[in-house]
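This report walks through selected features of the structure shown below, from its salt bridge to its strands, core, cysteines and backbone angles.

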Amino acid sequence: MSRGHPRGGGQAGRGQPATAQSGGGQPTGAPTRFYALTARPDALASDAVITCIISIGGRDASILFDLGSTYSYVSSLFARFLVISPDPLGIPVHVSTFVGDSVVVDWIYRSCVVTFCGFETSADLLLLDMIDFEIILSMDWLSSYHAVLYCHAKTVTLGMLGLPRLEWVPQLIHLVGLSLS
């Protein structure tokens, strides 16, 4: 299977499909809104977002945690390292960039392994031409794992049922509430 590439290009953005989704991820006829995302230098300096390096598919990737986006994304440059093939999206997603351009995204990498604090999670990643980050983890992944982001302290905590609370802290990863004896 040949890899599809989104039409357009440029910086990462936030988007929704041409139609919004309801239960089961199937499109409905609701209109969509588009959002803009700041570039990497702005994200790194901001207290409003969190960036880090974590493993995706066994390879370290630069990550942006984005509460304002519905979907998670993988850059076309990083996607070549994934060992799975992309699937076409039934309904393309329209993403607006921070410079106001609109990009159509129509390929998805399903069930990519995201290793967070030593635990494997899974993310569906839409293929997007972007240069500032290799992966954007957004509300689809964050809500699935009950994530809590504290942007000022730059921490990400996952509260999955049946597992200890997992907390990522800059320069330090540790398990909260787990005693080792």
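Does Asp 87 count as buried, partly exposed or exposed? In this predicted model, Asp 87 has a relative accessibility of 30% and counts as partly exposed.

## The salt bridge

The count of salt bridges comes to one, and the pair concerned is formed by the side chains of Arg 110 and Asp 87, with a nitrogen-to-oxygen distance of 3.5 Å. The two residues belong to distant parts of the chain, since Arg 110 lies in strand 8 and Asp 87 in strand 7 (residues 87-97), with their positions 23 residues apart in the numbering. Arg 110, like its partner, is partly exposed, and its relative accessible area is 40%.

## Strand 4 and its neighbours

Strand 4 (residues 50-56) is largely enclosed by the rest of the structure, because six of its seven residues are buried. Strand 4 runs antiparallel to strand 5 (residues 59-65), to which seven bridges join it, and within this pairing Ile 53 has Ser 62 of strand 5 as its bridge partner. Two residues stand between the strands of this hairpin, where Gly 57 adopts a positive phi near 60 degrees.

Strand 4 also pairs with strand 8, again in the antiparallel sense, over two bridges. Here Ser 55 is matched with Thr 115, its bridge partner in strand 8.

## Nonpolar cores

In soluble globular proteins, nonpolar side chains tend to be buried together. The largest nonpolar core of this model comprises 32 residues, and those with the most contacts inside it are Phe 65, Phe 116, Leu 137 and Trp 141. Strand 8 (residues 102-116) is the element that gives the most to this core, contributing five residues.

Which residues does Phe 65 touch, when those up to four places away in sequence are not counted? Its contacts are Val 49, Ile 50, Cys 52, Ile 54, Phe 116, Leu 137, Trp 141, Leu 142, Leu 149 and Val 156. A second core, separate from the one just described, has 15 residues, including Leu 64, Val 93, Val 95 and Leu 128.

## Cysteines

A disulfide is a covalent bond between the sulfur atoms of two cysteines. The count of disulfides in the model comes to zero. Cys 52 takes part in none, and the cysteine sulfur nearest to its own, that of Cys 117, is 9.2 Å away. Seen from Cys 117, the closest cysteine sulfur is that of Cys 52, and the distance of 9.2 Å is too far for a bond, given that the sulfur atoms of a disulfide have to be within 2.5 Å.

Both cysteines are nevertheless buried: Cys 52 has a relative accessible area of 7%, while Cys 117 stands at 15% relative accessibility.

## Positive phi angles outside glycine

Most residues other than glycine have a negative phi. Ser 111, however, has a positive phi near 55 degrees; this serine lies in strand 8 and counts as partly exposed, at 49% relative accessibility.

Lys 154 is likewise not a glycine, yet has a positive phi of about 65 degrees. Lys 154 is found in the loop between strand 11 (147-150) and strand 12 (155-158). With a relative accessible area of 19%, Lys 154 is buried, because the cut-off for that class is under 20%.

Methods: Residues are numbered from 1 along each chain as its sequence is written. This is a predicted model: local features need pLDDT of at least 70, side-chain atom pairs count only at pLDDT 80 or more; totals for chains, interfaces and linings use all residues. Side-chain values use heavy atoms; hydrogens and water are left out. Buried means under 20% relative accessible area, exposed over 50%, partly exposed in between (1.4 Å probe, protein chains only). A nonpolar core is a set of buried Ala, Val, Leu, Ile, Met, Phe, Trp, Tyr and Cys residues joined through side-chain atoms within 4.5 Å. Helices (H or I, at least four residues) and strands (E, at least two) are DSSP runs, numbered from the N terminus. Contact means heavy atoms within 4.5 Å. A salt bridge is a side-chain nitrogen of Lys or Arg within 4 Å of a carboxyl oxygen of Asp or Glu. Two strands pair if DSSP finds at least two bridges between them.
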